[in-house]
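Q: Please take a close look at one part of this model: how its pieces pair up with one another. I am new to this, so go step by step.

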Amino acid sequence: VGFGDLEQEVHALARFDQELTLEWEDLPDWLNLHDNRHILDSLTRRVDLRTGDRLLDPDLAARLGRTLAEPEVGWVKSVQRVVVHPDGVVSIRCDFRQPASWFVQGRYAFLVDEEGVRLPGRYEAADCEGGSLMMIEGVRMKPPEIGQVWRGADLTAGLKLAGLLRGQPFRHQIGRILVENHDGRVDRSRPHIELTTDRPGNRIWWGRAPDEEFGTEISATQKITLLRT
């Protein structure tokens with residue numbers, strides 16, 4: 001009984017009865033960009049640090065960590081640590097999933113990371129044109145739930161090629177990576193992958209997916225060299 005009374009008295013002290021504040025540790029540069037502020041805002045809402053949460057709550061850090069680690073959050077790959085500091089600051093450090101490419105299906109576009117995990121959101125494909133991320137079109141499988149891997153060899157091929165094209169001097173001239181004929185499944189006489197360009201009606205016949213070249217077809221690295229030249 002004495003310990004219970006003492007605990008209540010300590011919890012009622014002014015220095016422990018204060019509203020807590022949230023702080024993100026070591027955010028990656030891309031998440032600090034103004035255009036990505038909405039992602040951080042959504043994660044802050046997801047954390048759900050409540051007005052009634054207090055410094056001495058023994059389950060607080062575990063609760064917040066579990067909330068962020070749920071797969072449907074999407075943006076968080078793993079939670080490294082949640083620390084409740086004596087000054088009332090709750091600091092959180094995570095490994096985040098960075099958008100790698102757009103996948104276009106019909107009028108909509110979906111974000112995925114480099115591992116093919118679907119990230120939150122569904123966007124009008126027309127609004128995503130001309131950005132820094134490559135757009136990949138022609139993947140057959142429907143989008144999975146947020147936080148799940150989007151399966152498919154065509155998707156993997158598109159992501160691999162997008163990674164090769166990223167940072168190339170001619171990148172701004174490439175519109176979309178078309179993978180609907182991946183592995184020749186539609187027309188074996190046409191290239192398995194094509195690239196649209198900024199010249200209407202013109203395409204680059206890329207060929208097979210990277211690392212899947214056959215016979216006399218040159219490697220992906222050699223193709224990049226030719227395009228740069």
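A: Start with the overall picture. The model is predicted. Of the 229 residues of the protein chain, 40% count as buried. The chain's secondary structure comes to 5 helices and 10 strands. Its C-alpha trace spans about 85 × 30 × 30 Å along the principal axes. Now look at the radius of gyration. A compact globule of 229 residues would be near 17 Å, but this chain has 24 Å.

Next, the strands. Find the open sheet of 7 strands. Read across it and the order is 6-5-4-7-8-9-10. The pairing is mixed. Go to the two ends of that order. Strand 6 and strand 10 (203–207) stand at the edges. Each has a single partner strand, so one side of each is left without a neighbour in the sheet.

Now move to strand 7, residues 134–137. Strand 4 pairs with strand 7 in the parallel sense, over 4 bridges. One contact to look for is S101, whose bridge partner in strand 7 is M134. Strand 7 also pairs with strand 8 (residues 174–178). That pairing is parallel too, and it runs over 3 bridges. Here I136 stands opposite I177 in strand 8. E137 faces L178, again in strand 8. How does the chain get from strand 7 to strand 8? It passes through helix 4, residues 153–165. This β-α-β crossover is left-handed.

Strand 3 comes next. It covers residues 89–96. Is strand 3 enclosed or open? 6 of its 8 residues are buried, so strand 3 is largely enclosed by the rest of the structure. Strand 1 pairs with strand 3 in the parallel sense over 4 bridges. In that pairing, W24 has I92 of strand 3 as its bridge partner. Strand 2 pairs with strand 3 as well, but in the antiparallel sense, over 7 bridges. Here V84 stands opposite V90. Strand 2 and strand 3 form a hairpin, with 4 residues between the strands. In this hairpin, G88 takes a positive phi near 90°.

Now turn from strands to rings. Aromatic rings count as a pair if their centres lie within 6.5 Å. By this rule there are 5 aromatic pairs. Take W30 and W75. Their ring centres are 6.4 Å apart. Their planes meet at 45°, which is neither under 30 nor over 60 degrees, so the pair is tilted. Where do the two residues sit? W30 is in the loop between strand 1 (21–24) and helix 2 (37–47). W75 is in the loop between helix 3 (60–69) and strand 2 (76–84). The pair therefore ties together parts that are 45 residues apart in sequence. Both W30 and W75 are buried.

A second pair is W102 with Y123. The ring centres are 5.1 Å apart, and the planes are at 80°, so this pair is edge-to-face. W102 belongs to strand 4 (residues 101–105), and Y123 belongs to strand 6 (residues 123–124). They are 21 residues apart, and the pair links distant parts of the chain. Are both rings hidden or open? Check each one in turn. W102 has a relative accessible area of 12%, so W102 is buried. Y123 has 27%, so Y123 is partly exposed.

There is more ring chemistry to find. F103, F110 and W150 form one aromatic cluster. Then look at Y108. R122 lies over its face, at 3.8 Å from the ring centre.

Finish with the cysteines. A disulfide is a covalent bond between the sulfur atoms of two cysteines. How many does this structure hold? The count is 0. Two cysteines are still worth finding. C94 has a relative accessibility of 6%, so C94 counts as buried. C128 has 8%, so C128 is buried as well.

To recap, trace three things on the model. Follow the sheet order from strand 6 at one edge to strand 10 at the other. Follow strand 3 with its partners, strand 1 and strand 2. Then pick out the W30 and W75 pair, which ties together parts 45 residues apart.

Definitions and conventions. Residues are numbered from 1 along each chain as its sequence is written. This is a predicted model: local features need pLDDT of at least 70, side-chain atom pairs count only at pLDDT 80 or more; totals for chains, interfaces and linings use all residues. Side-chain values use heavy atoms; hydrogens and water are left out. Rings of Phe, Tyr and Trp (its six-membered ring) pair if their centres lie within 6.5 Å; planes under 30 degrees apart count as stacked, over 60 as edge-to-face and the rest as tilted. Buried means under 20% relative accessible area, exposed over 50%, partly exposed in between (1.4 Å probe, protein chains only). A charge sits over a ring if NZ of Lys or CZ of Arg is within 6 Å of the ring centre and within 35 degrees of the ring normal. A disulfide is a pair of cysteine sulfur atoms within 2.5 Å. Two strands pair if DSSP finds at least two bridges between them. A crossover is right-handed if, with the strands pointing away from the viewer, the path from the first strand over the helix to the second runs clockwise. The radius of gyration is taken over C-alpha atoms; the globule rule is 2.2 Å times the number of residues to the power 0.38.
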